[in-house]
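Here are some notes to read with the structure open beside you. Take the points in order and find each residue as you go.

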Amino acid sequence: MNAIILSAIWAVIMMLGSFMVKRKGNFRHIAAFGLLVLFVANIADTYGYSLFNFNNHGFLQFTRFGYLFNSIAIFSSLIYVLITGKEISRYGNHTAEYFALIFFVMCGVSMLAFYNNLLTLFLGIEIMTIPLYILTGSDKRNMKSNEAALKYFLMGSFSTGIMLMGIVFSYGGTGTFSLDVSRAGIPNLYNHVASFLEIVGLLLLLVSLAFKVSAAPFHFWTPDVYDGAPSVFTSFMATIVKAAGFIAFIKLCLVRMTATSAAIDWKMIFAIIIIATLLVGNITAVFQQSVKRMLAYSSIAQAGFMLFSLFSVNDFAKEGILLYSAAYSLATIGIFAVLVKMKDYTFEGYNGLAKKQPLLAATNTVFLLSLAGIPLTAGFFAKYYMLAAVVKTGSYLWLVIVAVLFAAVSVYYYFRVIQAMYFKDGNAETEAITPSFKAGLLLVAALIILIGVYPGIILNWLYF
Amino acid sequence: MNSIVSLVPLFPLLGFLINGLFRKSLSKTAAGIIGSGAVLLSFIISVYLFSDIKGNEGYIVNLFDFINVASFKISFAFQVDQLSVLFLLIITGIGFLIHVYSTAYMKEEVPADFARYFAYLNLFVFSMLLLVLGANYVIMFIGWEGVGLCSYLLIGYWFSNTDYNYAAKKAFIMNRIGDLGFLLAIFWILGKLGTATYSEVFDLRNTLSETDITAITLLLFVGACGKSAQIPLYTWLPDAMAGPTPVSALIHAATMVTAGVYMIARSNVLYAMSEVSSDVVAVVGLATAILAGTIALYQNDIKKVLAYSTVSQLGFMFLALGVGAYTTGVFHVMTHAFFKALMFLGAGSVIHAMGGEQDITKMGGLYKKLPKTTWTFVIGVLAISGFPFTSGFISKDEILISVFEKSQVLYWFAVFAAVLTAAYMFRLMWLVFFGGFRGTHEQEHHLHESPAAMTIPLIILAILALVGGFVQLPEAFGGKEYFNEFLSPVVPAMSHEGSSVATTEYYMLTGTVIGLAVIYFLTRKKFAVSMFEGVYTGVKKFLADKWYIDELYDAFIVNPLNAFAGFLKSVVERSGIDGLVNGVGRFVNYSSRQVRLLQSGQVGSYILFMVLSITVFFLVFWNQDNIAHFLTNIF
């Protein structure tokens, strides 16, 4: 509860701050402080020190899993603000508002971590997405940014429509918005498990959530929006927001999909989505010329891996999705932080970076290795848990093989960046690099390696 | 207090680390003191252990669990008993002398290389100590591999010379072939018994079938062949002369080549159970002794002669092991360590004086300028030839008697090998030290005795070579076999009792004296003058060219393998694998270009795709049973 309410309050504080604080540069410090407060408050909440105790009538459910994810999300945002906060003020004059929007997003994220009702799910999704439409279009004088925002809004509205329809069907089939359903006494159960209406509703919910996590074939908005949006915000969207989408998704799967799995073969549906996502993400990323666009496709490909947790919905998958969220968020934030500093976003723009900025190149290499899932980085264990979860279910083993093959493809486009940085001659031009920025990158790289060596450092929180 | 043994390998390891890590900043004096000092400290502790273990039970010192997987456990443990302590003394004692000698011999090197040299030397000693101290075959294998690595590093010490690198590679590869045998033996033991610890393996030996025992012992022997340079894996040892001369002394006397003998002596319980393996060991050993002896007869490189003599003497050791005289084999390791180290260091002194010249046809008459080197070397020659009551006489005598009791045929072959030994050694002695000088004027002018750091080790070793055998003087000559007694808790001795043995001893003594006298005059005549006329012909050429064994290996193994590798590279790799791999890459690239077109930028078409997909999902839901059925049929 702390995180939901405090993030909303802090968002308001940030908005007021735009009137009261004169120096633009101070906003990011206020924001970073706010995230720190959120982080501490959320941890306190985990151990039962809640500031706001009131009855939410079962609309929210506070679990260890939700708390831990929320902590990871807030911590990632904190890192994000610390190393790219400076860049946020580069777009327009309304820096404080951008930070305010980020806090609104965090409010939605927290809601998704704890929702236990389709209405809170809807609220969380919308609170999270609407600020993103604005952030996407925040580079007002840039046509691409405007185009991306409009596209995002149009398609986002479409998926919202589908989601609402799904919720309505589900309500029609069960008589409740709550996730916990008693299906006894409902007439005409399909396969004696759930009403047909509910299944249709769940299918539609699945589609809309697949849209949010940019799973194929509902991913089309992703490359255009990620490419068009200012890079700093792409970074935010591709990491924390996407991970939150997955947390919402896996919760729905754990409760509703598992209960109805005798009526509809969800594994088959997810298998189709996973294959499509891995294929589109990985294959398309191969041919991209811009690193930013490549990262957009790579985020689709990574989503393909995260979908495995929805496929296998067991304890391993729950642990895995947390690890994946942390690993993927940290690495992507790092890569985008470097990308934002580059003058040229194409692969050629990275040529010879290792000679000019050895530390940037080295840390960027760690991030890329983590995304590719190379051992000793967090990405390895993240992928390992995902695939192990599927192996534990004992079916669809061929899917694991397909995933590994696509992971091999992904090595190609991630290593293209490393190759450009280290083995090609060129004059990679960057913005001015401050020592604190370098320190931030080093911290992220160290975290990635730490998690890669000892993944229990995160997962132990689930149980203690 | 027991764990003091872990200090023995620790000091050389530290020496290696210090010299290795700080080689750029250490002065030569510092590097030399650290290198030699580390081994000296180990030697002092070894002496303590020796005085401690005498007449006591051996014990095992567990340091930590090396491998611990489920029920399978291998601990990093040291075995302290009479056999291992004896080897500790040889390794650290002789090793220390060689280190001291090296400080003078290598002083032309630049400081960084000098420290590198001592780092390798320390690592070598460390590996050998690990090999000897390990309480199970796995730890022995670690040391075994370490020794192989260090020999590679030291033989290729002057790595800018391609030939030397080639020799280093050859040593490494030959050793690896042997190592494979050793490794298979370890796997076999682990597979059958679930443990590699000596005491446990030996306790459980009766649960093994005869085939198991034979296979294990033969595979172990393959390993020993590699490390101890026996037929067919001996060819690396003569080439190993590429390293600095003290390294040769280290390899030939104190470390490395004795590893195989140690291993078989350690496993004597197993070998005693297999008649076949023992016979193989004996015959291979004897054949090696003779083959190497004949080759040594016509080599012109001073180090090559000594190298083949080592191979030949190792053959003697294996012969002893093969006929069941395990203590005798180990005893010969010890005496051989004395006189072979002595002669190698002596050869180093000669080469040093000759300004790098190694060809004995260009030497001669060195006794005038190098008295200390000459007389110590002569003692070495007498010892290796078996001059009565030198250490070599006593050990070789005992080998011959043991063989005699086993088989008359083998005995006469062994005698022949012993005659060969005396022959090539006397030849070497005549050509190098006596007669007139045959080198250039500058060389003659340059001749000088070596510094004290080199001659003092020579003198110590000469004394040992002379009197070191008395610890095992046969009773027939009024001695007592202290050596056998010392080792008896670990290695059973072959008893030679009764009056017939004494008679044989006296016959052998007489025979040796007469034989040596004959060889003395023969070699003096045969080799002194006619040697330098030019090329060898006939049998001599055949022997001088080492029986063309290297050429044989090249023709039948190396070249066919190279050709096969070339085929794999040019055909399978280039067109097969590369084609496949690049094909996959091209395919992915092509797909990428096509799939990319879906991303048209038109919101309308995106929405259309989404709606179509939703429809597909409903269709899948509708037909899920058919699809599931279809999928199970495929996978």
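How many helices and strands does the secondary structure of chain B come to?

1. **What you are looking at.** Chain B comes to 26 helices and two strands, while chain A comes to 18 helices and two strands. Helices (H or I, at least four residues) and strands (E, at least two) are DSSP runs, numbered from the N terminus. Please keep in mind that this is a predicted model: local features need pLDDT of at least 70, side-chain atom pairs count only at pLDDT 80 or more, and totals for chains, interfaces and linings use all residues. Residues are numbered from 1 along each chain as its sequence is written, chains are lettered from A and ligands numbered from 1 in the order in which they are written, and side-chain values use heavy atoms, with hydrogens and water left out.

2. **Inside and outside.** Of the 635 residues in chain B, 55% count as buried; for chain A, with 464 residues, the share is 64%. Buried means under 20% relative accessible area, exposed means over 50%, and partly exposed is in between (1.4 Å probe, protein chains only).

3. **How the chains fold back on themselves.** Here a contact means heavy atoms within 4.5 Å. Take the contacts in chain B between residues at least 6 apart in sequence: 80% of them join residues at least 24 apart. In chain A, residues 24 or more positions apart account for 82% of the contacts with a separation of 6 or more. For an example of sequence against space, try B:Tyr48 and B:Val5, which are 43 residues apart in sequence and 9.7 Å apart in space, C-alpha to C-alpha. You will find B:Tyr48 in helix α2 (residues 28-53) of chain B, partly exposed at a relative accessible area of 35%.

4. **A serine to look up.** Is A:Ser325 buried or exposed? A:Ser325 is buried, with a relative accessible area of 0%. Its place is in helix α12 (residues 315-341) of chain A. Leaving aside neighbours within four places in sequence, A:Ser325 is in contact with A:Phe69 and A:Ala243.

5. **Where the two chains meet.** On the chain B side, 28 residues are in contact with 37 residues of chain A. The size of an interface is often given as the accessible area lost when the parts come together. Buried area is that loss (1.4 Å probe) for two parts put together, summed over both. Chain B and chain A bury about 3,000 Å² between them, 82% of it on carbon and sulfur atoms. In chain B, the residues that lose the most area to chain A are B:Met610, B:Phe617 and B:Phe621, together 23% of what that side buries.

6. **Salt bridges.** A salt bridge is a side-chain nitrogen of Lys or Arg within 4 Å of a carboxyl oxygen of Asp or Glu. The count is 18 over all chains, yet between chain B and chain A it is zero. In chain A, A:Arg293 forms a salt bridge with A:Asp224, the closest N and O atoms being 3.5 Å apart. This pair links distant parts of the chain, with A:Arg293 in helix α11 (residues 291-312) and A:Asp224 in helix α8 (residues 221-228), 69 residues apart. Both belong to a network of salt bridges with A:Lys144, A:Glu147, A:Lys151 and A:Asp227.

7. **A link across chain B.** The side chains of B:Arg266 and B:Asp81 meet in a salt bridge (2.8 Å, N to O). B:Arg266 lies in helix α11 (residues 258-266) and B:Asp81 in the loop between β2 (72-80) and α3 (82-105), so the pair ties together parts that are 185 residues apart in sequence. B:Arg266 is buried at 4% relative accessibility, and B:Asp81 is buried at 3%.

8. **Aromatic rings.** Rings of Phe, Tyr and Trp (its six-membered ring) pair if their centres lie within 6.5 Å; planes under 30 degrees apart count as stacked, over 60 as edge-to-face and the rest as tilted. The whole structure holds 59 aromatic pairs over all chains. The rings of B:Trp158 and B:Tyr164 have centres 6.4 Å apart and planes at 50°, so this pair is tilted. In chain A, look for one aromatic cluster formed by A:Tyr133, A:Tyr152, A:Phe153, A:Phe211, A:Trp221 and A:Tyr226.
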